[in-house]
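User: Could you take a close look at one part of this model for me, the start of the first helix and the sheet it sits against? I'd like one connected walk-through rather than a list.

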Amino acid sequence: MLCVTSQTQLDALLASHPAVLVLYGGQACGVCQALKPRLQQLLAEHFPHVQACYVDCQADGTGLCAQQRVMALPVVQIWFEGSRFTEFFKVFSLTDIKAALERPYGLLFDDT
């Protein structure tokens, strides 16, 4: 999972990848640290064309977290073709994320 620390980096990532998942977390957030590898596994198994990145809101990514109005952790944003598609915060499941990705991912990528 790529680490992103600025809006410029995020903008470049969104411009170069049609599907991006952003996890906003922190080193002191146990849920965030447990979620990170599970998200990577979900994407690898079901959505291989989604580029994942991580923003540490408790370290170098504080400015980006403020710009994105991230006020609680964890937060997951899903972007398609440079536009924010959906956002999950605090209480959500991997099933919620998988369900949100399935239809737009299937329309964007033909993995058959």
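Analyst:
**Gln7 and the sheet beside its helix**

Gln7 counts as buried, because its relative accessibility is 19% and the cut-off for buried is under 20%. Bear in mind that this is a predicted model.

So what does Gln7 touch, leaving out residues up to four places away in sequence? Its contacts there are Leu64, Gln67 and Gln68. With Gln68 there's also a polar contact, side chain to side chain, at 3.1 Å.

Gln7 belongs to helix 1, which covers residues 7–16. Now for the sheet: it's an open one with five strands in the order 1-3-2-4-5, and the pairing is mixed. Strand 1 (2–3) and strand 5 (83–89) are the edges, each pairing on one side only. Helix 1 packs on this sheet and touches strand 1, strand 2 (19–25), strand 3 and strand 4 (75–80). Its direction makes about 155° with that of strand 2.

Strand 1 runs parallel to strand 3 (residues 51–56), and two bridges join them. As a general point, strands of a sheet pair through backbone hydrogen bonds, either parallel or antiparallel. For a landmark in this pair, look at Cys3, which stands opposite Tyr54 in strand 3.

One more helix is worth a glance here. Helix 2 (residues 30–46) lies across strand 2, strand 3 and strand 4, and runs at about 165° to strand 2.

Key:
Residues are numbered from 1 along each chain as its sequence is written. This is a predicted model: local features need pLDDT of at least 70, side-chain atom pairs count only at pLDDT 80 or more; totals for chains, interfaces and linings use all residues. Side-chain values use heavy atoms; hydrogens and water are left out. Helices (H or I, at least four residues) and strands (E, at least two) are DSSP runs, numbered from the N terminus. Buried means under 20% relative accessible area, exposed over 50%, partly exposed in between (1.4 Å probe, protein chains only). A polar contact is a pair of N or O atoms within 3.5 Å; within protein, one must be able to donate a hydrogen and the other to accept it, and residues adjacent in sequence count only if both atoms are side-chain atoms. Contact means heavy atoms within 4.5 Å. Two strands pair if DSSP finds at least two bridges between them. Axes are lines fitted to C-alpha atoms, for helices over the stretch in contact, and angles run from 0 to 180 degrees between N-to-C directions.
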